[in-house]
Amino acid sequence: MSAETETAVGETGESGCWCCGRITSEDALVHLGNHPEVGICVNCVHFLGRRARDYQATVMRQRLRGAAESVRGEVMARGWHRHPVAGPVLRWINQHLPW
Ligand SMILES: [Zn+2]
């Protein structure tokens with residue numbers, strides 16, 4: 001948002017979203033805690049929330065994949081996958097993991 005736009009909208013009680021630039025009333029903006037001068041419209045707040053959830057899901061998938069790889073490595077190193085009783089169960093689990 002430019003300084004000219006800020007001055008123009010500041011006189012009318014409206015302000016621009018710092019994310020999309022849409023001009024809206026000051027009451028309709030969500031302000032950041034450490035930077036109250038930054039206002040974000042509700043649509044952008046929802047968009048940022050979805051981005052945050054997608055990021056968290058990606059991080060969780062990476063952690064689960066890493067844990068599965070670690071367990072798989074331990075099973076292989078110890079030869080448990082060749083055990084007559086536990087082996088078929090471990091191989092079945094390995095085949096049905098999503099990664
Ligand atoms: Zn916005």
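Start your tour at the zinc ion: its site is tetrahedral, with angles of 106 to 113° among its four donor atoms. Keep in mind as you click around that this is a predicted model.

**Stop 1: the zinc ion and its cysteines**

Select Cys17, Cys20, Cys41 and Cys44 and show their side chains. The SG atom of each of these residues coordinates the zinc ion, at 2.2 to 2.4 Å. Now look for them in the sequence: the spacing of the donor residues reads C-x2-C-x20-C-x2-C.

Why pick out Cys17 and Cys44? Cys17 sits in the loop between strand E1 (14–16) and strand E2 (23–25), while Cys44 belongs to helix H2 (residues 42–78), so this pair ties together parts that are 27 residues apart in sequence. Are these two buried or exposed? Both Cys17 and Cys44 are buried.

**Stop 2: the nonpolar core**

Stay with Cys17, Cys41 and Cys44, and add Leu29, Val38 and Ile40 to your selection. Together these six residues make up the largest nonpolar core.

Next, click on Leu29 alone. Which residues does Leu29 touch, leaving out those up to four places away in sequence? Light up Ser15, Gly16, Cys17 and Thr24, then Gly39, Ile40 and Cys41, and you have its contacts. Two of the zinc donors, Cys17 and Cys41, turn up among them.

**Stop 3: along helix H2**

Select residues 42–78 to see helix H2. Try a distance check between its end C-alpha atoms: they are 54 Å apart, and this agrees with the 54 Å that 37 residues should span at 1.5 Å a residue.

Which residues of H2 are buried? Colour Cys44, Ala68 and Val75 to find them. Then bring up strand E4 (39–41) and helix H3 (86–96), which are included in what covers those buried residues.

Just after H2, pause at Gly79: here the chain takes a positive phi of about 75°.

**Stop 4: zoom out**

Switch to a cartoon of the whole chain. How many helices and strands are there? You should find three helices and four strands. Trace them from the N terminus on and the order is α-β-β-β-β-α-α.

Finally, turn on the surface. The accessible surface of the chain comes to about 7600 Å², and carbon and sulfur atoms account for 58% of that. Of the 99 residues in the chain, 16% are buried. As for contacts with a separation of 6 or more, 15% of them are between residues 24 or more positions apart.

Technical notes
Residues are numbered from 1 along each chain as its sequence is written. This is a predicted model: local features need pLDDT of at least 70, side-chain atom pairs count only at pLDDT 80 or more; totals for chains, interfaces and linings use all residues. Side-chain values use heavy atoms; hydrogens and water are left out. Helices (H or I, at least four residues) and strands (E, at least two) are DSSP runs, numbered from the N terminus. Buried means under 20% relative accessible area, exposed over 50%, partly exposed in between (1.4 Å probe, protein chains only). Contact means heavy atoms within 4.5 Å. Accessible areas come from the Shrake-Rupley method with a 1.4 Å probe; for residues, only the protein chains shown count as cover. Donors are N, O and S atoms within 2.8 Å of the metal (3.2 Å for Na, K and Ca); water is not among the atoms, so sites may look incomplete. Four donors count as tetrahedral if all angles lie between 85 and 135 degrees; four count as square planar and six as octahedral if opposite donors are over 155 degrees apart and all others between 65 and 115; anything else is irregular. A nonpolar core is a set of buried Ala, Val, Leu, Ile, Met, Phe, Trp, Tyr and Cys residues joined through side-chain atoms within 4.5 Å. The expected span of a helix is 1.5 Å times one less than its number of residues.
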